[in-house]
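Thanks for passing this one along. Here are my notes, in numbered points, to read with the model open beside you.

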Amino acid sequence: QVQLVESGGGLVQPGGSLRVSCAASGSIFSIDAMGWYRQAPGKQRELVASITSGGYTNYADSVKGRFTISRDNAKNTVFLQMNGLKPEDTAVYYCNAHVLLISRSRYQFWGQGTQVTVSS
């Protein structure tokens, strides 16, 4: 019904920057909140940042001041700009979207994940 395709992960040195993107496609009428979660090895998946269709944002305390979430509603795309990366930011980053389908049903969808590794 809906596919979320992430891109932009990779390997970066501590203090560096990366930008990850997630594009949603399919039977979409509208998208409410979009967000990024991450899961490091041996840890639970945690919310990194979220953004509503109106632009209200929410961040985990660990990334405030370093990460910025934004979205392009016309393209059903959400971005996460990550600056000042630290080794503890290493994780698989997952895109999440709360979607109102053309059928008027609401579902939550996940992307396949993109690896972000911060290492020297």
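**Notes on the predicted model**

1. Let me begin with a charged residue that is out of the solvent: arginine 38 is buried, with a relative accessible area of 6%. Please keep in mind that this is a predicted model. Arginine 38 has a salt-bridge partner in glutamate 46, and their closest N and O atoms are 2.7 Å apart. The two ends of this bridge sit in unlike surroundings, since glutamate 46 is partly exposed, at a relative accessible area of 37%. Through shared partners, salt bridges bring Arg38, Glu46, Arg66 and Asp89 together in one network.

2. How many salt bridges are there in total? The count comes to 5. One of them joins the side chains of lysine 64 and aspartate 61, at 3.1 Å from N to O. Aspartate 61 has 66% relative accessibility and so counts as exposed, the cut-off being over 50%.

3. Another salt bridge deserves a look on your screen: the side chains of arginine 106 and aspartate 32 meet at 2.4 Å, N to O. This pair links distant parts of the chain, with arginine 106 in strand S10 (residues 106-110), aspartate 32 in strand S4 (residues 28-39), and their positions 74 residues apart in sequence. Arginine 106 is exposed, with a relative accessible area of 55%, while aspartate 32 is partly exposed at 29%.

4. On to the aromatic side chains. The structure has 2 aromatic pairs. In the pair of tyrosine 37 and tryptophan 110, the ring centres are 4.9 Å apart and the planes stand at 65 degrees, so the arrangement is edge-to-face. Here too, distant parts of the chain are linked: tyrosine 37 belongs to strand S4 and tryptophan 110 to strand S10, 73 residues apart. Tryptophan 110 is partly exposed, and its relative accessible area is 36%.

5. Two arginines also have their charged ends over rings. For arginine 19 the ring is that of phenylalanine 79, with the charged end 4.1 Å from the ring centre. For arginine 45 the ring is that of tyrosine 94, and the distance to the centre is 3.7 Å.

6. Which cysteines form the disulfide? They are cysteine 22 and cysteine 95, whose sulfur atoms lie 2.1 Å apart. A search of the whole structure finds 1 disulfide. Its S-S torsion is about -80 degrees, so this disulfide is left-handed. Cysteine 22 lies in strand S3 and cysteine 95 in strand S9 (residues 91-101), so the bond ties together parts that are 73 residues apart in sequence. Are the two cysteines buried or exposed? Cysteine 22 is buried, with a relative accessible area of 0%, and cysteine 95 is also buried, at 0%.

7. Next, an open sheet. Its 4 strands come in the order S1-S3-S8-S7, with antiparallel pairing. S1 and strand S7 (67-72) are at the edges and have a single partner strand each, so one side of each is left without a neighbour in the sheet. From one strand to the next, the twist averages 15 degrees.

8. A closer look at the two edges of that sheet. S1 runs antiparallel to strand S3 (residues 18-26), and 6 bridges join them; valine 2 is found opposite glycine 26 in S3. Strand S1 (residues 2-7) has a covered face made of Val2, Leu4 and Glu6, and an uncovered face made of Gln3, Val5 and Ser7. At the other edge, S7 pairs with strand S8 (residues 77-82), again antiparallel and over 6 bridges, and arginine 71 stands opposite valine 78 in S8.

9. Last, strand S11 (residues 114-118). Thr114, Val116 and Val118 make up its covered face, and Gln115 and Thr117 its uncovered one. S11 pairs with strand S2 (residues 10-12) in the parallel sense, over 3 bridges, where leucine 11 has threonine 117 as its bridge partner. S11 also pairs with S9, this time in the antiparallel sense and again over 3 bridges; there, the bridge partner of alanine 91 is valine 116.

Notes
Residues are numbered from 1 along each chain as its sequence is written. This is a predicted model: local features need pLDDT of at least 70, side-chain atom pairs count only at pLDDT 80 or more; totals for chains, interfaces and linings use all residues. Side-chain values use heavy atoms; hydrogens and water are left out. A salt bridge is a side-chain nitrogen of Lys or Arg within 4 Å of a carboxyl oxygen of Asp or Glu. Buried means under 20% relative accessible area, exposed over 50%, partly exposed in between (1.4 Å probe, protein chains only). Rings of Phe, Tyr and Trp (its six-membered ring) pair if their centres lie within 6.5 Å; planes under 30 degrees apart count as stacked, over 60 as edge-to-face and the rest as tilted. A charge sits over a ring if NZ of Lys or CZ of Arg is within 6 Å of the ring centre and within 35 degrees of the ring normal. Two strands pair if DSSP finds at least two bridges between them. A disulfide is a pair of cysteine sulfur atoms within 2.5 Å. Axes are lines fitted to C-alpha atoms, for helices over the stretch in contact, and angles run from 0 to 180 degrees between N-to-C directions.
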